[in-house]
Amino acid sequence: MLSAISPVVLAEDAIADDSQDGFLSRSVSTAEETRDIWSARWVSFAETMDRYFSSQAPPNDYVNESYIRIQLRETVEEQGELGTDARIKAKFDLPNTEKKAKLFFNSDADNDSNLEGRTRSNSTDERIRREESVAGLEFTPDSEWHKWKRSNRIGIRVRAPLVPFARTRLRRPFNDWGLWRREFQQEFWWYRDRGWGATSEYDMRRPLWSASQLRYFTVLEFEDNKDYWDHLQMLALSTDLTDRTSIEYRGGVLFNTENDARLTAYFVGINYRKRIHEDWVFLTVSPESYFAREDGWDAEASLTFRLDVYFSE
């Protein structure tokens, strides 16, 4: 009796497994088709707008840089608390306009969070809120100014009343230190409700062996309404483990001049990144320990999961 039933049971299990595999395969295929359709529509709309403004088609070898990025981020704190971010960033490439214009949308302004918040990998509990979103035009001319690459943004924060802002960025790479690749970036920005600010960044990178890279990164930032300087220094070592995965070990220190120049925090962490589907879905896992002066230098451990989904050509 058992010998008669066993083949039937095994056959039913095999059918169930095939059905599950078929469902997963169909789900992935449907998601991929939907992503490809929306990506093609976004790029096609950008190219149509570009032809409308410039009255010419883009060069045959030009790859339109329009994209949408959806980012989801969740952090588990040492005390068991959870923090979740959801962000959308979009760019609309218009290559034939006179100054290489791009329309942009961002669910959170690049300068809205402080230097610590932009540097650390953990969630800041941000949601997609209309009143915090920014939109506008970015102009990036092809020509360089004394070896400096330039970009300028003008736009509004989408709230009532509307908050205009402007930002100019200068960037210069240096290739005069052998294997070291250096870059300096200077940015000035202004928001009607916050006043003006400035950010200076210096980035140094050097390959160590075939798949690894050493990076030193420092930032100095001033915001007029705070009237003190924030400063970051960070060292990182990254390695490509395979063509789909990489790992980065990082450590940094934070200073400010609010109460004289002093160390306010330091941190160590790891970023493990994996391309989980083709070139448009990425998962990053980031354990981190953070030590703040205001907490008596006690360790604050966290684990962050970040998912990035790209819609582009």
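Here is a short tour of this protein, from its overall make-up to its cores, a pocket and a cavity. The model is predicted. The protein has two helices and 14 strands, and 34% of its 313 residues are buried. Strand 12 is a good one to keep an eye on, as it will come up under several headings below.

**Overall make-up**
- The accessible surface of the protein is about 18300 Å², and carbon and sulfur atoms account for 56% of that surface.
- If you look at contacts between residues at least 6 apart in sequence, 48% of them join residues at least 24 apart.

**Nonpolar cores**
- The largest nonpolar core is made of ten residues: Leu115, Phe217, Val219, Leu232, Met234, Leu254, Ala265, Phe267, Tyr290 and Ala292.
- At least two residues of this core come from each of strand 9 (212-223), strand 10, strand 12 and strand 13.
- Another core lies apart from it and has five residues, including Phe104, Phe165, Trp189 and Tyr191.
- Phe217, one of the residues of the largest nonpolar core, is a handy place to zoom in. Beyond its neighbours within four places in sequence, Phe217 is in contact with Glu201, Tyr202, Asp203, Leu232, Gln233 and Met234. Of these partners, Leu232 and Met234 also belong to the largest nonpolar core.

**The second largest pocket**
- This pocket holds about 440 Å³ of space.
- Its lining has 22 residues, and those nearest the centre are Glu116, Asn256, Thr264, Tyr290 and Glu294.
- Two or more lining residues come from each of helix 2 (115-119), strand 10 (228-240), strand 11 (245-256), strand 12 (262-277) and strand 13 (281-292).
- By class, the lining of the second largest pocket has ten charged, seven nonpolar and five polar residues.
- Tyr290 links two topics: it lies among the residues nearest the centre of this pocket and is also part of the largest nonpolar core.

**The second largest cavity**
- Two cavities of 30 Å³ or more turn up in a search of the whole structure, and the second largest has a volume of about 30 Å³.
- Around the second largest cavity you will find Ser121, Arg250, Phe267, Val268, Gly269, Ile270, Asn271, Ser286, Pro287 and Glu288.
- Strand 12 and strand 13 each give at least two residues to this lining, with strand 12 giving the most, at five.
- The cavity lining divides into four nonpolar, four polar and two charged residues.
- Phe267 lines this cavity and belongs to the largest nonpolar core as well.

Technical notes: Residues numbered from 1 in each chain as written. Predicted model: local features only at pLDDT ≥ 70, side-chain atom pairs only at ≥ 80, totals over all residues. Heavy atoms only, no water. 1 Å grid on protein atoms, 1.4 Å probe; cavity = no way out; pocket = protein on both sides within 12 Å on 5 of 7 lines; lining within 4 Å. Points joined across faces, edges and corners; volume = space filled by probe spheres on them. Helix = DSSP H or I, 4+ residues; strand = E, 2+ residues; numbered from the N terminus. Nonpolar A, V, L, I, M, F, W, Y, C, P; charged D, E, K, R; others polar. Buried < 20%, exposed > 50% of the residue type's maximum accessible area, 1.4 Å probe, protein only. Contact = heavy atoms within 4.5 Å. Areas by Shrake-Rupley, 256 points an atom, 1.4 Å probe, with all protein chains shown as cover. Core = buried A, V, L, I, M, F, W, Y, C linked by side-chain atoms within 4.5 Å.
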